[in-house]
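Colleague: I'm new to this structure. Please pick one part, take me through it up close, and then show me what surrounds it in the chain.

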Amino acid sequence: MITTAQQLAATGKVDMLRAGIWKPRTKPGMFEGIGVKGLPWLKKASQITGLPVTIEVANAKQVQDALAFEIDVLWIGARTTVNPFSVQEVADALRGVDIPVLIKNPVNPDPDLWSGAVERIARAGIKKIGLIHRGFSSYGNTDYRNAPMWHLAIDMKLKYPDLLFINDPSHICGRRDILKDVMQKAVDLDYDGFIIESHGDPDHAWSDAAQQVTPAILSRMLDEIIWRKEDTTSEDFLSALEKLRVQINQLDDELMQILSRRMKIADQIGSYKKDNNITILQTTRWNEVMDRAISNGENLGLSKDFIQKYFDAVHLESINHQKRIMDGEM
Ligand code: PEP
Ligand code: MN
């Protein structure tokens, strides 16, 4: 670990060392962390490299051990954020302590659980709180170990604009070959930083070997990322951007008007269905609508996935309208 830490420090691109002293594992019998005896090792790595260190804590005892060893930053893992009892236990153990706490998203895609954890830690008096986006479990998902569901993370960023916002590409990807794509995406979405797993001999890492990279590869990936700024002061760029934004607003207004017209026609169909005692949902008709939309949309350069999501939302709104008509509420 010390060798890896030294290599990481030597890149000059690492601000902090992360290590799991206690590791929550899905199945028993896997490597569950080295435990308390690893804390002095970590302190040693910190002293040698001059870098602060962060570990995951999931209960009061772990918080006390971490504080006793003057760990610089704590993080709450995804499997803890899901459990309000555990988050509260950690929060109570932190009352009156001045230490930064990073909170990973819960395993399941539930933004309220994530913000609930933020509130519990904030109420314990912790001032420096950060968010870590590590993706969400989803059954049958193949590309990622944990589906990023970027929109959920962006909603959190919008809700808590002052909190540090970190991306965890290692746990999103679960494999090293796609790490850089996720890193680039996070940079493009203006995240503040990364938490990435690195190991001197990745293939022999005792946990999550497939997602570990050597410090040298980590350093190269960080060099290859294209860093973009959120804002610029260049006049030309700003006026060009302003013109395009006016066009976007105009198109959005038109889209809303068209959608409202579409909904009014759906209402009329709803009345006919009611008068003729026909069910709201007619599967064959809906399949026809979707097929038309997908083939038209794809010709226009829109992805099938987007068209499906968009039309599902439109369809749901139509059904809700027609249901109100059937129930005599409209
Ligand atoms: C980890 O960071 O090593 C870890 C266990 O991650 P998560 O809480 O995201 O599953
Ligand atoms: Mn891990």
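Modeller: A word on naming before we start: helices here are DSSP runs (H or I) of at least four residues, strands are E runs of at least two, and they're numbered from the N terminus. Keep in mind, too, that this is a predicted model.

Let's zoom in on strand β3, residues 73-76. V73 and W75 point one way from the strand, while L74 and I76 point the other way. That fits a general pattern: side chains in a regular strand alternate between the two faces of the sheet. In β3, all four of these residues are buried, meaning that each has under 20% relative accessible area.

Now look to either side of it. Strand β2 (residues 53-56) runs parallel to β3, and 3 bridges join them. Across that pairing, I55 stands opposite L74. Strand β4 (residues 101-104) also pairs with β3 in the parallel sense, again over 3 bridges. Here W75 of β3 stands opposite L102.

How does helix α3 come into this? Helix α3 (residues 60-68) joins β2 and β3 in a right-handed β-α-β unit. Within α3, D65 forms a salt bridge with K61, with the closest N and O atoms 2.8 Å apart. The two are 4 residues apart in the helix, so about one helical turn separates them. D65 counts as buried at 14% relative accessibility, whereas K61 is partly exposed at 48%.

You'll find that spacing in helix α10 as well: E224 and R220 are 4 residues apart there, separated by about one helical turn. Their side chains meet in a salt bridge (3.7 Å, N to O), and E224 is partly exposed with a relative accessible area of 41%.

Farther along the chain, K323 and D327 form a salt bridge too, their closest N and O atoms being 2.5 Å apart. Salt bridges with shared partners also link K180, R220 and E224 into one network. The whole structure holds 15 salt bridges.

Finally, there's the manganese ion (ligand 2), coordinated by H171 (NE2), E197 (OE) and D208 (OD) at 2.3 to 2.4 Å. Along the chain, its donors follow the spacing H-x25-E-x10-D. E197 and D208 both lie in the loop between β7 (193-194) and α10 (215-224), so the pair ties together parts that are 11 residues apart in sequence. E197 counts as buried at 4% relative accessibility, and D208 counts as buried at 17%.

Technical notes: Residues numbered from 1 in each chain as written. Chains lettered and ligands numbered in written order. Predicted model: local features only at pLDDT ≥ 70, side-chain atom pairs only at ≥ 80, totals over all residues. Heavy atoms only, no water. Donors = N, O, S within 2.8 Å, 3.2 Å for Na, K, Ca; no water. Buried < 20%, exposed > 50% of the residue type's maximum accessible area, 1.4 Å probe, protein only. Pairing = 2+ DSSP bridges. Right-handed = clockwise from strand over helix to strand, strands pointing away. Salt bridge = Lys/Arg side-chain N within 4 Å of Asp/Glu carboxyl O.
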